[in-house]
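Please go through the model shown here, taking its domains, its core, one helix, the ligand shell and some backbone details in turn.

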Amino acid sequence: MRKENEVLEIIARLKKEYPVTGPFLDWSNPLELIVATSLSAQCTDERVNTVTKSLFKKYKTAHDYASARIVDLEKDVYSTGFYRNKAKNLKGLGQRLLDDYGGEVPQDFTSLQTLPGVAKKTAAIVMSKAFGVHESVAVDTHVFRIAKLLGLTTSQSIESVRRDLNAIVPRKHYLYFNELLITHGRKVCIARRPQCSSCILLSLCPTGKENV
Ligand code: SF4
């Protein structure tokens, strides 16, 4: 089966298995989505959602982040881990938005990547979710791992896997493919203990066939 057709079959099977994907990060505007996605590095969505519940009440604008004291931001994001770096990025994010984008989140994939703490993965998610423009598959640890297990790519770097997936996943499904694989990675294709014998993708998966 050609890889493009395999992807369509994978999406169809996962869609049937998970009519509802997630839960994912809570947000209500592009700034909140960037902040939540930045905080989600090395942290669960549930933990981030707990933290952002009060964070988003306290910091509503780019100016709020830019003018915050680092010690306060550190305290506010402490439980998401790597709090020093995350707090620094949030303050820098607010400042950069004020300096270069009039305090607004730019609706542009390349510009987004100039913001502190925002790399291609976050930029792709923000473009898809906040602006409805699908620029790239967002490759997180689940997507990276499962795409390789399924034989969709043999690349070793996140950037190469991203390029490989962008070439075989239909653009309109970039975000959906990411969400389906994350959901599958949490429920069945769990790192270090994938449940291959009960996996809906087994017949399509070279790794699973070796495992069972
Ligand atoms: S068959 Fe196994 S390795 Fe392949 S996607 Fe399913 S759980 Fe993951």
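The questions and answers below follow that order.

This is a predicted model, in which local features need pLDDT of at least 70, side-chain atom pairs count only at pLDDT 80 or more, and totals for chains, interfaces and linings use all residues. Residues are numbered from 1 along each chain as its sequence is written.

Q: How far apart are the C-alpha centres of domain 1 and domain 2?
A: The domain assignment, automatic or from a database, gives domain 1 as 3-22 + 137-211 and domain 2 as 30-131. Their C-alpha centres are separated by 27 Å.

Q: Where does the largest nonpolar core lie with respect to domain 1 and domain 2?
A: A nonpolar core is a set of buried Ala, Val, Leu, Ile, Met, Phe, Trp, Tyr and Cys residues joined through C-beta atoms within 7 Å. The largest has 53 residues, and those with the most contacts inside it are Ile34, Val137, Val143 and Ala147. Because domain 1 and domain 2 both give residues to this core, it lies between them.

Q: Which helices do the buried residues of H5 pack against?
A: A residue is buried if 20 or more other C-beta atoms lie within 10 Å of its own, exposed if 12 or fewer, and partly exposed in between, with C-beta atoms placed from the backbone; helices are DSSP runs (H or I, at least four residues) numbered from the N terminus. In helix H5 (residues 70-77) the buried residues are Leu73, Asp76 and Val77. Seen down the axis of H5, they fall within an arc of 85 degrees (directions from the axis to the C-beta atoms), so they line one face of the helix. By contacts (C-beta atoms within 7 Å), they pack against H2 (30-39), H3 (45-58) and H6 (83-101).

Q: Which helix gives the most to the shell around the ligand?
A: The ligand has 15 residues around it (C-beta atom, placed from the backbone, within 6 Å), and Cys189, Cys196, Cys199, Cys205 and Gly208 come nearest. Helix H9 (141-149) and helix H12 (206-211) are the elements that give two or more residues. With three residues, the most is given by H12.

Q: Is Arg192 buried or exposed?
A: Arg192 lies in the loop between helix H11 (174-187) and H12, and has a positive phi of about 70 degrees although it is not a glycine. With 4 other C-beta atoms within 10 Å, Arg192 is exposed.

Q: Which peptide bond is cis, with omega near 5 degrees?
A: Pro23 is found in the loop between helix H1 (3-17) and H2. The cis bond runs from Gly22 to Pro23.

Key:
Two residues are in contact if their C-beta atoms, placed from the backbone, lie within 7 Å.
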